[in-house]
Amino acid sequence: MSKLGTTEVLLNEKKLYKPSAKILKNAKVKQWKAVQAKAKKDPLKFWDDSAKELEWYAPWKQTFDDSNAPFFKWFVGGKCNIAHNCLDRWIGTPVENKTAIIWESDAGNKRKMTYKELNRAVCKFANGLKFLKVKKGDRVAIYLQNIPETAIAMLACAKIGAVHSVVYAGFSANALRERIDDQRAKILITSDVGHRRGKVIAMKELCDKAISGSQSIQHVIVVRQDGGHVPMKINRDIFYDALTDTQPSTCPTEVMDSEDPLFILYTSGTTAKPKGVVHVHGYMVGVHKTFQWVMDIRGDETYWCTADPGWITGHSYIVYAPFMSGITTVMFEGVPDFPKPDRIWKMIEKYEVNILYTAPTLVRALMSYGEKWPDKYKLKSLRLLGSVGEPINPEAWRWYYKHVGKGKCQIMDTWWQTETGMFMITPLPSMPLKAGSATLPFPGIEAAVVDENGKKVPVGKGGFLVIKTPWPSMLRTLFNNPERYVDTYWNKIPGYYLTGDMAHVDKDGYFWIQGRSDDVIKIAGHRIGNAEIESAIVSHKSVAEAGVIGKPHPIKGQCAKAFVILNRGVNPNDKLVNEIKRTIRSKLGPIAVVDEIEFVEKLPKTRSGKIMRRVLKAQELGEDLGDTSGLAD
Ligand code: WTA
């Protein structure tokens with residue numbers, strides 16, 4: 001098994017990949033060193049200028065306010081709406097006739113929408129939400145696959161000032177229920193069914209299960225993907241088309257304060273309870289600026305981000321950023337290697353995609369099928385490649401560079417998080433690259449690698465990745481849990497935002513991300529907490545205790561392994577293994593299912609009874625156990 005993402009592999013990679021003359025000539029930011037230096041000197045001025053690239057209803061009185069740190073504010077007093085910048089601003093300009101969305105279904109059906117059509121659909125849906133008495137500040141849960149209605153629903157919420165909360169459609173009914181309950185969502189938007197790898201997924205049925213007995217949900221809006229042959233509860237459920245057909249096609253955009261919440265997105269942390277990360281309308285500033293510069297956005301191009309709208313990448317860089325830039329974005333319901341491993345290459349050729357933004361796990365999966373698949377297609381349209389979600393191992397990086405980019409496309413390895421909202425450590429296209437490094441902090445961002453006391457560690461030495469100063473697209477709090485916000489991100493290394501990642505910096509100042517330092521696993525780029533999986537496992541009636549670790553995996557980057565203590569008198573067998581896996585699937589969803597289960601008699605614990613996952617992991621990987629003085633025995 002290759003040592004994916006480990007320090008040893010990464011440190012060996014010293015070669016610089018320099019941008020071609022053509023890239024350099026056209027890049028938006030050519031003099032990147034000068035730009036970095038200028039932003040470093042006056043980051044507030046940098047963000048202030050960036051904010052002016054968007055439209056505001058009323059200007060801000062103060063760029064940044066830290067009087068109530070770490071509850072920072074940006075563009076204080078500014079009035080705006082991100083939906084205005086995605087849609088309203090284009091209406092009446094030539095952009096309105098441009099294609100906003102190219103959508104392809106799992107089965108290969110196509111839909112296209114211009115900005116004008118998208119705006120119309122958003123207005124109608126926004127009016128529909130108002131008809132259902134949704135008001136500013138109300139929470140709307142969205143449980144949909146990657147279909148245009150997901151973007152329409154998000155934009156419609158933003159337009160009327162409602163707070164959307166998209167739940168990844170691979171989560172189970174139980175996980176959906178937990179998220180809906182936490183935010184007390186008033187509306188749930190879903191579809192009759194979904195499609196994936198040719199299979200039909202019973203979305204509405206799952207939603208019915210998730211909200212049975214819900215105190216907060218008043219209505220369920222159902223998009224008909226397949227005729228709508230699903231049970232509908234009278235007075236509660238309504239089809240999307242029935243709701244929107246009779247609505248007017250214009251709708252005023254609500255004037256929002258820059259600090260008003262835009263969405264809640266649940267993400268995994270170190271405890272079993274997911275965190276509701278809150279982003280505000282002013283988040284648009286960082287998302288727009290990073291997209292413009294990192295993806296080197298020009299006018300008439302087609303961009304494809306293969307993420308799911310249920311994750312932050314889908315929020316910031318499938319929906320908001322491309323629309324704020326007025327470009328064409330590809331949305332895709334299916335998976336890039338179905339029905340055959342050439343699906344992705346076929347689509348790139350067909351839609352003449354210029355920018356492809358994907359995840360290392362997918363690059364590795366496609367790489368495993370061999371280059372004969374991409375080689376069959378004309379990938380000439382590609383100009384820029386992106387990577388996100390986990391460290392990209394140099395082997396996959398080089399394959400992506402050579403066989404997809406044909407040695408001509410720079411790879412933007414963007415490091416960021418649900419919490420950061422925008423790219424944080426990332427190349428700009430004119431920078432020399434090193435395979436496997438996310439390179440340098442974006443202008444205006446100050447990152448560092450420090451020890452547990454907040455002291456910068458020497459070059460090449462691993463440590464905790466922190467962000468030293470706030471940025472406009474940062475999370476503002478955790479929904480209903482400001483204490484957890486302060487504790488998780490700001491208290492451990494006081495004064496700095498703690499990312500939860502380990503990294504090191506090389507002699508050129510390039511950052512190399514090594515993975516999570518906390519108990520979070522990235523399985524195929526999906527973020528899952530060890531504790532979430534453990535809590536699902538112990539809900540099985542035969543299980544007494546469980547400890548879960550992340551292990552390297554050649555395609556997924558990481559996979560999960562569980563060490564399980566069974567109740568007294570229960571004997572381990574294969575049936576139990578399957579049952580436990582089924583329990584995880586039903587509590588959380590398929591992405592969280594562990595690859596391996598080992599039944600054990602004992603788990604390494606601290607004297608206070610906490611499972612030492614670090615020791616379990618070191619044992620499993622045959623690594624040095626490190627400091628074991630805290631072990632109970
Ligand atoms: C990891 C995804 C290395 C990292 C946008 C981070 C990365 C977590 C990269 C956040 C990258 C993301 N290189 N690691 N380019 N991008 N990560 O919240 O561990 O789903 O903390 O946001 O993914 O995951 P999240």
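Helices (H or I, at least four residues) and strands (E, at least two) are DSSP runs, numbered from the N terminus. Two strands pair if DSSP finds at least two bridges between them. The model is predicted: local features need pLDDT of at least 70, side-chain atom pairs count only at pLDDT 80 or more, and totals for chains, interfaces and linings use all residues. Residues are numbered from 1 along each chain as its sequence is written, and side-chain values use heavy atoms, with hydrogens and water left out.

**Exercise 1.** Describe the open sheet that contains strand 21, strand 22, strand 24 and strand 25.

Solution.
1. The strand order is 21-22-24-25, and the pairing is antiparallel.
2. Strand 21 (447–450) and strand 25 are the edges; each has a single partner strand, so one side of each lacks a neighbour in the sheet.
3. From one strand to the next, the twist averages 45 degrees. Such angles run from 0 to 180 degrees between N-to-C directions, with axes as lines fitted to C-alpha atoms, for helices over the stretch in contact.
4. Strand 21 is joined to strand 22 (residues 463–467) by four bridges. Ala447 has Ile467 of strand 22 as its bridge partner.
5. Strand 24 (residues 497–505) pairs with strand 25 (residues 511–516) over five bridges, in the antiparallel sense. Val505 is bridged to Phe511 of strand 25.
6. The hairpin of strand 24 and strand 25 has five residues between the strands, and Gly509 there takes a positive phi near 85 degrees.

**Exercise 2.** Characterise the packing of helix 8 against helix 9.

Solution.
1. Two packed helices are described by the angle between their axes and the distance between the axes.
2. Helix 8 (residues 173–183) and helix 9 (residues 203–211) have their axes 8 Å apart, at an angle of about 50 degrees.
3. Helix 8 is therefore oblique to helix 9 (angles under 35 degrees count as roughly parallel, over 145 as roughly antiparallel, 65 to 115 as roughly perpendicular and the rest as oblique).
4. On helix 8 the contact (heavy atoms within 4.5 Å) is made by Ala173, Leu176, Arg177 and Ile180. Helix 9 contributes Leu206, Cys207, Lys209, Ala210 and Ile211.
5. By class, the contact has seven nonpolar, no polar and two charged residues. Ala, Val, Leu, Ile, Met, Phe, Trp, Tyr, Cys and Pro count as nonpolar, Asp, Glu, Lys and Arg as charged, and the others, Gly among them, as polar.
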